[in-house]
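Q: Please take a close look at one buried polar residue and what surrounds it, then place it beside other packed parts of the model.

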Amino acid sequence: MTEGTISVPFDVYRYTPGKDTTARYQRYTLDLVPHTPILTALLQIRSEIDPSLGLRYSCRSAICGSCAMQINSKSRLACETQVGPEVARHGRIVVEPMRNQPVIRDLIVDQTRFWREYAKVEPHLKLDPTIPMPAGKPTAMSPAQVERFKETPRCIACAACFSACPAAEADPEFPGPMALAKLYRFAVDPRDTAYRERLERIQPGGLWLCLRCHLCTEACPKDVRPSERIRDLKEMAIAVQGATELGSRHAVGFKENLKGAGQLNEMKLVRATDGLMGMVGQLGQGIRIYRKKPEIMKKPRKIEGMDELDKIYAALDTPPKEGP
Amino acid sequence: MKIAYYPGCLAQSSSKELDLATRWVCRSLGIELVEFPNFSCCGSGFIDEANEVLNIAINARNLAIAEKAGLDVLTICSTCQGMLTLAKVRMQDPKVRARVDAALKPIGIEYKGTAQVKHLLKVLTEDIGLPAVKAKVRRPLHGMKVGAFYGCHLLRPADEMASESAEEPHSFEDLLAAVGATPVDYRGRVMCCGFPIQFVKPSTAYAIAGKQILEAKAHGADAMATPCPLCHLSLDAYQNKASKAVQTPHLDMPIFHLPQVVALAFGASPEELGLSRHLIRTDAALAKVHPSAPA
C-alpha cells in the first residue's frame, strides 16, 4: 500500500433489469488517500477493473447534480463525499442507486417521475403580459423580497431529497421535496402572477402529504431546506384558501384546539378534521384504543395562565395575509 | 439534579404510561421533576404549519416559565423537544423576536433564551451518564433485542436540533446497551412513523409505520422503543392498521416508551409502568429477558 493511503472496500450494487434475475453487490477494494471522492473511486473502478459498471455523472464539482446515489444508505452526491469518513464510520462503502426511482442499470435510475413532478409545478415565471419589462433596465427587487428565496435557487435538481423522502416512497401522489421547493421559489417571486393558482393546484393530494420529517433537508447537498419551504407553502396555502383540505383543517383545527384549555383535546381535534361522519368511520379503532386508554375521551385540564395564552392568540392569530 | 418537567399533552392523557415510567426512572436516579401547571401544549408541529409566529410565541411562553424558575426543561416527546427547540432557534432572528416580544411583553412575560431544552434521552446519556444508569440496573434486559426508533423531531433539522449526528445517532442504542438489551441496527430507526399525515391520508401513514416495524423485525428485533409518544401511537395503537397496510397479518411488535425500558431494567414491574395500556402485548418481548437474571 502506498504511504498515506487506506484500503477501501466498496460493495457496489449491480443490477440490470431484464438481464439479471436479482441484484447483487460486487466487492472492489482500492488503495486510496482518505480525501478521494467516491465518484473518483467509482470511475477508477470503471476504467481499471470493470468497464461494465453503470453510473451517471458529469461535472465532478457538485454543480450538475448528476451523481446522486446512496452511500452507506444515505442519499448524497458521490463527487463531494470522501472515502475516509465513510470507511471510518462504516468499515466499508456500500454504493447503491437512489431510492424511489426504478433502476435502469446499476447506479443509474429512471428519473421520469421526478422530472414529471418538476414539470407539473411549472417551474418558470408567469409574467403579466400587459406589464412590459422595463426596457434596458433590470427589474428591481427589494432585499426583503430577495430574502424570501435566498435558498431555493441553489437547487441543482440532483434528486437526493426525492430519494430520501418517505412520503414519495409510500405515496405515488406526493410531488416530492424538490418540486415543492421549486414551486415555492416561483410563488414568492414578486414578478410571478400565478401565486394563488399555484397554491390552489398543489393542495389536493400534494402539499399536505409532507411528513415534515426533514429527511430532505438532511439529504440536500445545497442546503435548500425543502422541508422548511414546504412548511411556508402550507401557511401560504391556508391564507389563500382557508382550511379546505384534510391537512389544512387539521393544522387550523389544532391551532383552534388549544383555545379554552391550552392543552390538546384529542376528541375535539378528530371532529375538527374528520367531521362527524369521519368520526363514525373511525369508531371501531376508536373503541379499540379507548378500551386501553380511556383518557382519549377526557377533556384536558385547563392550564393556569390561560389568559396569557388567550392574549398571545389575540395578538398573533390574526387573519393571514394573502400574497407573495 | 432539578429540572422543569414538560410532560406534553399525550403523557397526561392517552399515553399516561409514559408519565408513570418517566417518574419511576427519575425517582430512581434522583432527578427532581418540578411541575408547572401553566405549561401549554407545544403545538405538535401542526400549529407551526398554520401560523409559525404564533407557534414560536406559545413555546417562548413555555420556555419563559422555566427560565423564571432558573431551570432547564425536560421533555419526554420528540415532537415537544423539536417544537421547543425550534422556538429557541427562531427567536434568534431579530424580526421574529420583535414580533413575539411585542405579544409577550404587554402580558409581563420576558423570554431570555437561557433555558436548555433536553429530552430524557439526553439527560440520561449525558447529564446522568451511562455509568450511573448502569449502576441502577437490577434486572439487566439480557436477551431482549430492541430496535431504537428515534422520531424525526429529536434529530432533524440537524443543525437546529444540535443534539447528535442526525444521520448516525447512537445515544439511544448506547442507553439500550447500558440496561442490558441488545440494540438492533436497521434503516428505519431514524425514519418517520407516519403520524403527521395520519389524518390526511391514513393508508399512506399506516404503510410508513408498517414499513419501519417490518424492517426492525427483519433485523431480529423482539421489540421497538421510542422516545416519542406520537411515534408510540402510530407504531402501537395503530399497529393493526399498519399490519394490514404492509400485508403482514401479525406484526405483533411490542413497542416500549423509552423510560419503560429503563425502568424495567431498574426493577419496575409491568403493572407500575402501565404496560397493559399498550394495544400490542409486551409479554413476548419480556419473556426474552434471560431467565437467570436476578429479579
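**Around Q260(B)**

A: In this predicted model, Q260(B) touches E17(B), A21(B), I255(B), L273(B), L275(B) and H278(B), not counting its neighbours within four places in sequence. One of these partners, H278(B), is also joined to Q260(B) by a side-chain polar contact of 3.0 Å. Q260(B) itself is part of helix α14 of chain B, which covers residues 258–266. Because its relative accessibility is 0%, and buried means under 20%, Q260(B) counts as buried.

Next come the nonpolar cores. The largest has 81 residues, and the members that touch the most others are F10(A), L42(A) and I93(A). Apart from neighbours within four places in sequence, I93(A) is in contact with V8(A), P9(A), F10(A), D11(A), I38(A), I71(A), N72(A), V83(A), E86(A) and V87(A). A second core, separate from that one, has 75 residues, among them L10(B), C42(B), I65(B) and L84(B).

A helix pair in chain A completes the picture. Helix α7 (residues 177–187) and helix α8 (residues 195–202) of chain A have axes that come within 9 Å and cross at roughly 160°. Angles over 145 degrees count as roughly antiparallel, so α7(A) is roughly antiparallel to α8(A). The residues in contact are L180(A), L183(A), F186(A) and A187(A) from α7(A), with Y195(A), R198(A) and I202(A) from α8(A). The crossing of α7(A) past α8(A) is left-handed.

Note on methods
Residues are numbered from 1 along each chain as its sequence is written. Chains are lettered from A and ligands numbered from 1 in the order in which they are written. This is a predicted model: local features need pLDDT of at least 70, side-chain atom pairs count only at pLDDT 80 or more; totals for chains, interfaces and linings use all residues. Side-chain values use heavy atoms; hydrogens and water are left out. A nonpolar core is a set of buried Ala, Val, Leu, Ile, Met, Phe, Trp, Tyr and Cys residues joined through side-chain atoms within 4.5 Å. Buried means under 20% relative accessible area, exposed over 50%, partly exposed in between (1.4 Å probe, protein chains only). Contact means heavy atoms within 4.5 Å. Helices (H or I, at least four residues) and strands (E, at least two) are DSSP runs, numbered from the N terminus. A polar contact is a pair of N or O atoms within 3.5 Å; within protein, one must be able to donate a hydrogen and the other to accept it, and residues adjacent in sequence count only if both atoms are side-chain atoms. Axes are lines fitted to C-alpha atoms, for helices over the stretch in contact, and angles run from 0 to 180 degrees between N-to-C directions. Angles under 35 degrees count as roughly parallel, over 145 as roughly antiparallel, 65 to 115 as roughly perpendicular and the rest as oblique. A crossing is left-handed if the near helix is turned anticlockwise from the far one by less than a right angle, and right-handed if clockwise.
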